[in-house]
Amino acid sequence: METSTPSDSSLSRRRMLTVALGGAAATVVLPAPAWAVNDKRPGAHGKPKLTPADRKVAGKVSAERALKHLKVLSDEIGPRIGGTRSERTAANYIARQLEKLGYDVELQPFTVADKFTGQLSSPTKLPRDICWQVGASAHAALDTTVTGDVIDVGAGADVDYPADAAGKIVLIDYVAGRREQHVATAIAHGAAAVIFLPADREEPRRAPTFNPTLPGSAANPVAIPVLGVAQVQKHRLRALLAAGRFTLTVSTEAHRNLTSYNVIAELPKKGKGKGKKGDKPADQSPVVMVTAHYDTVIGAQGANDDGSGTVLCLELARVLREVPTDATFRFALWGSEEQGLIGSRYYVRNLPQAERDRIVAVYQNDMVATSWDPATRYWLLSFDGAANAATDGVTEAARRLGYEPRISPVTQRGSSDHQSFQEVGIASANFSWRGEESPAILEPPYHTPEDTIAKNISLERLQVSLELIGCAAYATAGKR
């Protein structure tokens, strides 16, 4: 990283985040980005050289305003698992915000697979700075709640159990090849539930929650709940147990017959075919898409992945609705991305070729605000590794914003919704803050219960992302 002035160094997580934990909840104070439209941005090599069009965007976008939406999605709604009630609650919230801005909004439904979740709680109050949703086995007791004292049986062998294990909730180190034996042993000792604890991953990776697979079928389930927790939850549970006896409540839930939704928004068509001489009819105008996914994995509040991209879309929808252009801005928030890009692939598959041909560029935003210090590079990720209108748009915007040293070369990588578009020849790319050396270097809270606003959001990085994507999208829309 280049030598920093005091302004540049403000990208440090330690300076961007103050967390005060106490009472029933956490109060999070995120300092607002302090630069004016003509100022040097943190990490930039110099002051910007903005066009008049850039100023209409950079002077109006606000990470603070976007944060208000993120608090709803991440703190209030929490995990947004594809097809479940929580994802639909988030879809409805996003749709309402876009409708308030004057957009026509479509909720595009599609079916997804069943989900199985668990929830841990305790009358002794589990720490509330992380999420306590966990994965549940589809082949164990579901739609049930049990309460019991916690015991740690380590490797889970018969000799590891105390004489009074009956009615207890047991913690067991997870070994895939022994899981069936471990559950059978727990049942033989009268355990009320099994919580499998994952092996620690090598930093900066941390293990997420998981759904333990057991032999058998849903028609012949194991008699007790069986759950898989994340690495951070494992360490918190063991720390609580080391401090003394504590009681835990375990709830499991099966989510079946699920429908997930894409949220698609455009401004209403005005004067179809009318206007200045030479104007194209509204339904034939070029389309510039700004997109993100709003769902999460089990056990994560998804503040950065991808609440950050979602609220970037909402804030740009507010600003770009007012800028003059003959192109159409289309905002899309994808459901069920975490299950294999299901929402965006459904959208693209059902898009007629004539509509595909209208799309000039798709700016996909996935994880655009992490506060992890080493995530100093803003990555331009293309599924086929080649530059296209979307990567060109951000490269040019970065140059005008003085941000060229912080962006990557165009780099080959899929695994986000830009891939769905590039698979059919539509110019698209994914944009994300990640480690300097490789786009595979993601922040430790990635896909874990620590992906919260307090632990994983930088308003300064979100502001830079808003300016880069906003300026790029507007410039692309202006090229006719």
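Trainee: How far from the ring centre of Trp 433 does Arg 461 lie?
Mentor: The model discussed here is predicted. Arg 461 lies over the face of Trp 433, and Trp 433 also belongs to a cluster of ring pairs. The distance from Arg 461 to the ring centre is 5.4 Å.

Trainee: Which residues do ring pairs link into a cluster with Trp 433?
Mentor: The cluster with Trp 433 is held together by ring pairs. One of its members, Tyr 363, also belongs to the largest nonpolar core. The residues linked with Trp 433 are Tyr 363, Tyr 378, Tyr 403 and Phe 431.

Trainee: The charged end of Arg 88 sits over a ring; which residue carries that ring?
Mentor: The charged end of Arg 88 is 4.3 Å from the centre of the ring. The ring over which Arg 88 sits belongs to Tyr 261.

Trainee: Where does Thr 370 lie, and which backbone nitrogen does its side chain reach?
Mentor: Thr 370 is in the loop between strand E14 (359–365) and strand E15 (377–382). With a relative accessible area of 0%, Thr 370 falls under the 20% limit and therefore counts as buried. Its contacts include Trp 433 and Arg 461. At 3.1 Å, the side chain of Thr 370 reaches the backbone nitrogen of Trp 372.

Trainee: How many aromatic pairs does a search of the whole structure find?
Mentor: The search covers the whole structure. The number of aromatic pairs found is 11.

Trainee: What is the angle between the planes of Tyr 347 and Phe 421?
Mentor: Tyr 347 and Phe 421 form an aromatic pair with ring centres 6.2 Å apart. Because Tyr 347 lies in helix H8 (residues 342–349) and Phe 421 in helix H11 (residues 418–422), the pair ties together parts that are 74 residues apart in sequence. Tyr 347 is buried at 5% relative accessible area, and Phe 421 is buried at 0%. The pair is classed as tilted, and the angle between its planes is 50°.

Trainee: Which two residues touch the most other members of the largest nonpolar core?
Mentor: In soluble globular proteins, nonpolar side chains tend to be buried together. The largest nonpolar core in this model has 72 residues. The two that touch the most other members are Tyr 363 and Leu 462.

Trainee: Which helix gives the most to this core?
Mentor: The core in question is the largest nonpolar one, with 72 residues. Of these, 11 come from a helix spanning residues 459–478. The helix that gives the most is H13.

Trainee: How many residues does the second, separate core have?
Mentor: Leu 462, a member of the largest core, has contacts that include Ala 63, Val 311 and Val 368. The second core is separate and includes Leu 126, Ile 130, Val 229 and Val 250. Its number of residues is 19.

Trainee: Is Val 288 buried or exposed?
Mentor: Val 288 belongs to strand E12 (residues 287–293). Among its contacts are Arg 330, Tyr 363 and Ala 473. At 0% relative accessibility, under the 20% limit, Val 288 therefore counts as buried.

Trainee: How far apart in space are Val 288 and Glu 253?
Mentor: In sequence, 35 residues separate Val 288 and Glu 253. From C-alpha to C-alpha, their distance in space is 40 Å.

Trainee: Glu 266 forms a salt bridge with which residue?
Mentor: Side chains of opposite charge can pair when their charged atoms come close. For Glu 266 and its partner, the closest N and O atoms are 2.4 Å apart. Glu 266 lies in strand E11 (residues 258–266) and its partner in strand E13 (residues 328–334), so the pair ties together parts that are 64 residues apart in sequence. Both residues are buried, and the partner of Glu 266 is Arg 330.

Trainee: Which residues do shared salt-bridge partners join into one network with Glu 266 and Arg 330?
Mentor: Glu 266 and Arg 330 meet in a salt bridge. Through salt bridges that share partners, the network also contains Glu 355 and Arg 358.

Trainee: How many residues apart in sequence are the parts tied together by Arg 238 and Asp 173?
Mentor: The side chains of Arg 238 and Asp 173 form a salt bridge of 2.9 Å, N to O. Arg 238 lies in helix H6 (residues 231–242) and Asp 173 in strand E7 (residues 169–173), so the separation in sequence is 65 residues.

How values were computed: Residues are numbered from 1 along each chain as its sequence is written. This is a predicted model: local features need pLDDT of at least 70, side-chain atom pairs count only at pLDDT 80 or more; totals for chains, interfaces and linings use all residues. Side-chain values use heavy atoms; hydrogens and water are left out. A salt bridge is a side-chain nitrogen of Lys or Arg within 4 Å of a carboxyl oxygen of Asp or Glu. Helices (H or I, at least four residues) and strands (E, at least two) are DSSP runs, numbered from the N terminus. Buried means under 20% relative accessible area, exposed over 50%, partly exposed in between (1.4 Å probe, protein chains only). Rings of Phe, Tyr and Trp (its six-membered ring) pair if their centres lie within 6.5 Å; planes under 30 degrees apart count as stacked, over 60 as edge-to-face and the rest as tilted. A charge sits over a ring if NZ of Lys or CZ of Arg is within 6 Å of the ring centre and within 35 degrees of the ring normal. A nonpolar core is a set of buried Ala, Val, Leu, Ile, Met, Phe, Trp, Tyr and Cys residues joined through side-chain atoms within 4.5 Å. Contact means heavy atoms within 4.5 Å. A polar contact is a pair of N or O atoms within 3.5 Å; within protein, one must be able to donate a hydrogen and the other to accept it, and residues adjacent in sequence count only if both atoms are side-chain atoms. Lists of a residue's contacts leave out its neighbours within four places in sequence.
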